[in-house]
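This report covers strand pairing, the nonpolar cores and two of the helices, in that order. The structure comes first.

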Amino acid sequence: MKQWIKKMLAAGIALLLLVSPGFPASYGADGSAANSSSPTLIRVGLQYTQSALSRTVITAANELSLWNPSNGADFISLGGKTEIVVSMEAGTLKAADSSGTEIQVIAGGQMVTVTSLLREGFLLCSSDYSSRLADPAAGTLSLTRVDGVPYRGAIGFTINANNTFRLVNTLTIDEYAYGVINSEMGYSNPMEALKAQAVVVRSYALTNLGRHGTSGYDVCDSTHCQVYKGYNQENARSNQAVDETSMLGMYHNGKPATGYFYKNSGGYTQKAEDVWNAPVGYLKAVSDPYSPLYSWNAEFTLSELETKLRTAGYRTGALISVSVTGHNESGAVASLTFKGQEGTVTLTKEKIRSVLGMTQIKSTHFSLTSAQNQASKAWYVQGKIQTAQAATKIHVLGAGGTKAQLEIRDKYVIGSSGIQKLEGFTQEITGSTLRFEGKGYGHGVGMPQDSAIAMAKEGASFTEILKFYYKDIEIK
Ligand SMILES: [Zn+2]
């Protein structure tokens with residue numbers, strides 16, 4: 001143990017020895033704050049897609065402090081310093097002033113370098129953050145800037161393997177929600193929809209603490225978790241939605257419920273097990289009369305689809321046909337089968353979108369047509385492609401002329417052994433280019449934002465919105 005820590009302990013100052021970079025002592029097993037009187041903290045990995053930094057400048061308007069988040073009272077003054085340059089040197093962190101000189105502070109009655117404290121897991125923050133943590137409603141706007149970009153809360157560092165570091169923003173859940181909501185739902189939307197989004201954002205955060213635990217933070221700042229852009233993304237209306245629902249979360253059977261959300265349901269939300277794996281008590285399929293129409297289409301050649309399958313590790317050889325082979329309770333596509341010259345592959349549930357492209361196949365509420373003639377269906381009949389108009393009758397021609405005139409739902413051909421009904425025929429689409437025509441956008445589980453906005457416009461409260469899309473939940 002370091003000498004100064006021994007001295008602090010000897011002096012009766014409570015200080016937890018940090019195992020950098022985590023601070024699990026702050027949380028209970030269910031992710032709630034162990035001490036209910038202090039706000040729950042969350043660690044956000046910044047610049048998720050550009051995580052390799054070798055130098056950054058941390059500033060605060062008045063004064064920077066060092067903070068040990070394992071002990072909320074443990075703020076160390078930096079003696080009026082407003083700027084610290086953090087860089088990588090010989091594979092480890094260094095904190096210096098702009099001329100490169102190490103900065104020293106008094107901690108536990110002993111002079112130590114800021115570098116050593118950062119390596120112990122201390123964070124840098126504006127000195128007024130201690131008063132804001134003590135009273136979040138006091139109105140103090142505490143901002144710490146990273147290369148000029150302002151964040152609430154404190155900034156810490158985790159070391160990457162390649163001699164770079166990543167920034168971690170530690171702040172309260174409500175402060176985090178300020179920086180998320182406006183990225184996830186525009187501030188100009190109705191207040192009750194924004195409040196529903198605030199509860200959902202907070203619930204998602206509370207049930208995902210530790211999601212990136214092995215990297216030294218809880219959530220990242222990208223769509224992988226929730227888009228977070230710090231103070232620059234805040235707005236007075238979305239902040240109001242956070243304040244008016246402060247600390248409120250969703251619970252199912254007494255446990256925190258994850259607030260899954262997405263843009264548009266396509267008219268029917270999906271139960272969890274129809275999209276991912278296991279059933280979840282509050283994530284059911286809900287017929288959604290509030291959903292505004294959101295339609296999309298995407299076209300792929302068979303060759304493009306084969307490439308996508310191969311990239312994902314599936315071997316089919318040259319594709320012959322693609323078939324919708326199952327629907328789920330919501331009426332969305334549950335399985336899609338690709339028949340190739342060397343094999344057949346069936347994708348199910350969300351795998352359909354993850355393999356074909358989440359932004360192109362915007363939802364699994366889709367049907368297939370031939371792109372060559374959108375009004376026609378293409379049928380695969382004994383090795384040859386024939387087309388027939390949808391919703392009309394099929395005329396099957398034999399040697400003597402028309403032999404049968406049949407409803408489109410039943411297809412027959414005349415083969416060497418007479419008239420034969422074709423099985424699985426109506427769902428099979430071939431042709432060089434396939435067109436996906438769909439509605440809705442997103443995985444379909446939980447609250448569709450478009451519908452939340454529509455409900456709010458009709459006068460629904462945020463609790464009515466949440467309880468319509470999440471079943472058997474408590475909001476408290
Ligand atoms: Zn993430």
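In this predicted model, His252 has Lys255 of strand 16 as its bridge partner. The pairing concerned is that of strand 15 (residues 250–252) with strand 16, which run antiparallel and are joined by 2 bridges. Both belong to an open sheet of 3 strands, ordered 16-15-32, with antiparallel pairing. Strand 16 (255–256) and strand 32 (474–475) are the edges of this sheet; each has a single partner strand, so one side of each is left without a neighbour in the sheet.

Strands of a sheet pair through backbone hydrogen bonds, in either a parallel or an antiparallel arrangement. Further pairings in the chain are antiparallel too, as the table lists for strands 18, 19 and 22 with their partners.

| Strand | Partner strand | Bridges | Example of bridge partners |
|---|---|---|---|
| Strand 18 (residues 295–301) | Strand 30 (residues 433–439) | 7 bridges | Asn297 and Glu437 |
| Strand 19 (residues 319–327) | Strand 20 (residues 333–340) | 7 bridges | His327 and Val333 |
| Strand 22 (residues 366–370) | Strand 30 | 5 bridges | Thr369 and Arg435 |

Strand 30 thus appears with two partners: strand 18 and strand 22. Strand 19 and strand 20 form a hairpin with 5 residues between the strands, where Gly331 takes a positive phi near 85°.

For the chain as a whole, the count is 11 helices and 32 strands. Of its 476 residues, 42% are buried. Taking contacts between residues at least 6 apart in sequence, 65% join residues at least 24 apart.

In soluble globular proteins, nonpolar side chains tend to be buried together. Here the largest nonpolar core has 87 residues, and Ile465 and Leu466 are those with the most contacts inside it. Helix 5 supplies the largest share of this core, 10 residues. Domain 1 (3–192 + 202–231) and domain 2 (249–292 + 443–475) both contribute residues, so the core lies between them. A second, separate core of 18 residues includes Leu309, Val333, Leu347 and Ile352. Val333 of that second core is also the bridge partner of His327 in the hairpin pairing.

Leaving aside residues up to four places away in sequence, Leu466 touches Ala196, Val199, Met250, Met447, Ile473 and Ile475.

Arg202 also lies in helix 5. Is Arg202 buried or exposed? It has 27 C-beta neighbours inside 10 Å and therefore counts as buried, the threshold being 20 or more. Apart from residues up to four places away in sequence, Arg202 touches Ile173, Ala177 and Gly249. Arg202 and Ser246 are 44 residues apart in sequence, and their C-alpha atoms are 9.2 Å apart in space.

Helix 6 (residues 236–244) has Ser238, Asn239, Ala241 and Val242 as its buried residues. Seen down the axis of helix 6, these residues fall within an arc of 150°, so they line one face of the helix. An α-helix has 3.6 residues a turn, so residues three or four places apart point the same way. Among the elements that cover the buried residues of helix 6 are helix 4 (173–184) and helix 5 (191–207).

Notes
Residues are numbered from 1 along each chain as its sequence is written. This is a predicted model: local features need pLDDT of at least 70, side-chain atom pairs count only at pLDDT 80 or more; totals for chains, interfaces and linings use all residues. A residue is buried if 20 or more other C-beta atoms lie within 10 Å of its own, exposed if 12 or fewer, and partly exposed in between; C-beta atoms are placed from the backbone. Helices (H or I, at least four residues) and strands (E, at least two) are DSSP runs, numbered from the N terminus. The arc is that of the directions from the helix axis to the C-beta atoms. Two residues are in contact if their C-beta atoms, placed from the backbone, lie within 7 Å. A nonpolar core is a set of buried Ala, Val, Leu, Ile, Met, Phe, Trp, Tyr and Cys residues joined through C-beta atoms within 7 Å. Domain bounds come from an automatic or database domain assignment. Two strands pair if DSSP finds at least two bridges between them.
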